[in-house]
Amino acid sequence: MMNFQDFRQQFRQLYSNEPRLFSAPGRVNLIGEHTDYNDGFVLPMAIDRRTVVAMAPRNDGRVRCLSTEFDEQIEFELKADLKPAHDWANHVRGVAACLLRDEYNLRGADLLIASEVPLGAGLSSSAALEIAVGYGLLKLAEHLVDPVRLALAAQKAEHEFAGTQCGVMDQFIACLAREGHALKIDCRTLEYEAVPVDLSDARVVVVNSMVKHELASSEYNQRRAECEEAVRRLAGHLPGIQSLRDVELEEFDQWADALPEPIRRRANHVITENARTLAAVEALQLGQLSHFGKLMKASHESLREDYQVSCRELDLLVEIAGRHSAVYGARMTGGGFGGCTVNLVKADEVESFMAETAEAYRWVIGIQPEIYVCQASGAVREENQ
Ligand code: GLA
């Protein structure tokens with residue numbers, strides 16, 4: 001856990017000013033992968049690793065940013081027509097620009113950023129950064145924060161400033177997470193329901209493969225385009241559908257053969273994943289962890305075979321987990337092509353799971369994975385300590 005007193009002190013030394021601290025969580029998605037941009041269902045949980053931003057207002061409409069991760073200081077003027085740049089502060093620029101365009105007046109600010117969310121590991125470090133900064137900028141300008149509006153502005157920032165046509169899941173959970181709960185989100189209506197992650201005898205364990213393959217962003221955008229193509233083609237048989245969310249499994253079975261590959265497989269993943277996600281919510285509510293675990297396993301297989309966003313390292317981690325008697329289920333989590341797996345593990349065997357997973361993975365891949373036992377954490381907030 002970060003020491004907030006030290007962090008405040010670091011800020012004072014840098015900027016000779018007293019900061020306010022804002023933090024937003026990373027997330028792990030329990031199930032519902034690549035469904036959010038298809039108007040579908042997701043079940044993410046905020047994790048107890050946060051991005052923290054220390055901020056103090058400025059009077060000249062400029063933003064200065066420093067990060068404990070990068071040496072370079074970035075400075076820019078706050079204006080709605082800010083353009084993307086190729087540096088680490090793009091997410092800061094993006095969320096500031098999108099809030100301005102959403103007609104919020106903002107004040108300039110000095111920022112110091114630190115993150116406990118591992119960067120580029122598929123745990124949404126960028127959404128945590130966008131949301132912590134966006135929330136802080138709104139607070140410094142004395143706005144009331146509308147969490148859904150903030151999530152949508154940050155999603156737009158990701159589209160325009162990072163070039164990934166992402167869904168809303170990551171930004172939404174950072175804004176609306178509830179401690180001790182996962183969030184079932186209907187990504188069409190943005191209705192959500194907090195589902196208790198009340199796992200007295202189980203733990204959510206995230207294993208970081210420590211690899212990130214190139215092309216993740218272009219492959220992501222391509223998958224999105226393939227889903228849109230599936231909708232266009234299916235609409236010829238199923239008039240009125242707007243997205244894959246609108247296609248029932250039975251209907252799909254009837255028309256699947258009309259789709260060329262790989263469009264058919266992509267659609268098959270999304271349609272079955274939506275059904276699995278709704279079933280998983282029910283299983284979690286009923287405490288049926290074995291059933292939940294089976295759905296996780298099926299989700300991974302579908303992501304590997306049909307959606308083709310897994311990779312050797314993630315498949316290996318899931319396979320290792322599948323051999324361990326303490327594991328209810330395991331799957332890749334997030335966009336894929338590297339990053340993390342999420343594992344539901346019996347509480348009293350977490351230690352042996354961690355040791356055996358690390359050893360088996362290192363043996364084959366030659367890399368030591370990082371492993372995080374995660375608690376369901378709360379949404380973006382001001383830290384007053
Ligand atoms: C990334 C995106 C999300 C979502 C997942 C896949 O994390 O940011 O919007 O699409 O991939 O489920």
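This is a short tour of a predicted model, one selection at a time.

Local features are given at pLDDT of at least 70 and side-chain atom pairs only at pLDDT 80 or more, while totals for chains, interfaces and linings use all residues. Residues are numbered from 1 along each chain as its sequence is written, and side-chain values use heavy atoms, with hydrogens and water left out.

**The sheet**

Select β2, β7 and β8 (strands are DSSP E runs of at least two residues, helices H or I runs of at least four, both numbered from the N terminus). They form an open sheet of 3 strands in the order β2-β7-β8, with antiparallel pairing (two strands pair if DSSP finds at least two bridges between them). The edge strands, each pairing on one side only, are β2 (41-42) and β8 (192-196). Between β2 and β7 (residues 181-186) there are 2 bridges. Pick Phe 41 to see one bridge: its partner in β7 is Asp 186.

**Helices on the sheet**

Add α8, residues 263-285, which packs on the sheet and touches β2, β7 and β8 (contact is heavy atoms within 4.5 Å). The direction of α8 makes about 45° with that of β8 (axes are lines fitted to C-alpha atoms, for helices over the stretch in contact; angles run from 0 to 180 degrees between N-to-C directions). Next select α5, residues 169-176, which lies across β2, β7 and β8 and runs at about 130° to β7.

**The ligand**

Now select the ligand and the residues around it, with a heavy atom within 4 Å. Among them are Arg 27, Tyr 37, Cys 166, Met 169, Tyr 220 and Gly 334. Three polar contacts (N or O atom pairs within 3.5 Å) can be displayed:

- Glu 33: a polar side-chain atom, 2.6 Å from a ligand oxygen atom.
- His 34: a polar backbone atom, 2.7 Å from a ligand oxygen atom.
- Asp 36: a side-chain N or O atom, 2.5 Å from a ligand oxygen atom.

The ligand taken alone exposes 310 Å², of which the protein buries 92% (Shrake-Rupley method, 1.4 Å probe).

**The hairpin**

Gly 334 leads on to the hairpin of β10 and β11, where this residue takes a positive phi near 90°. The hairpin has 4 residues between the strands. Strands β10 (residues 327-333) and β11 (residues 338-346) run antiparallel and are joined by 6 bridges. Val 327 stands opposite Val 345 in β11. In β10, 6 of the 7 residues are buried (under 20% relative accessible area; exposed is over 50%, partly exposed in between; 1.4 Å probe, protein chains only).

**Last stop**

Finish at Asp 257, in the loop between α7 (249-255) and α8. Asp 257 is exposed, with a relative accessible area of 72%.

Notes. A polar contact is a pair of N or O atoms within 3.5 Å; within protein, one must be able to donate a hydrogen and the other to accept it, and residues adjacent in sequence count only if both atoms are side-chain atoms.
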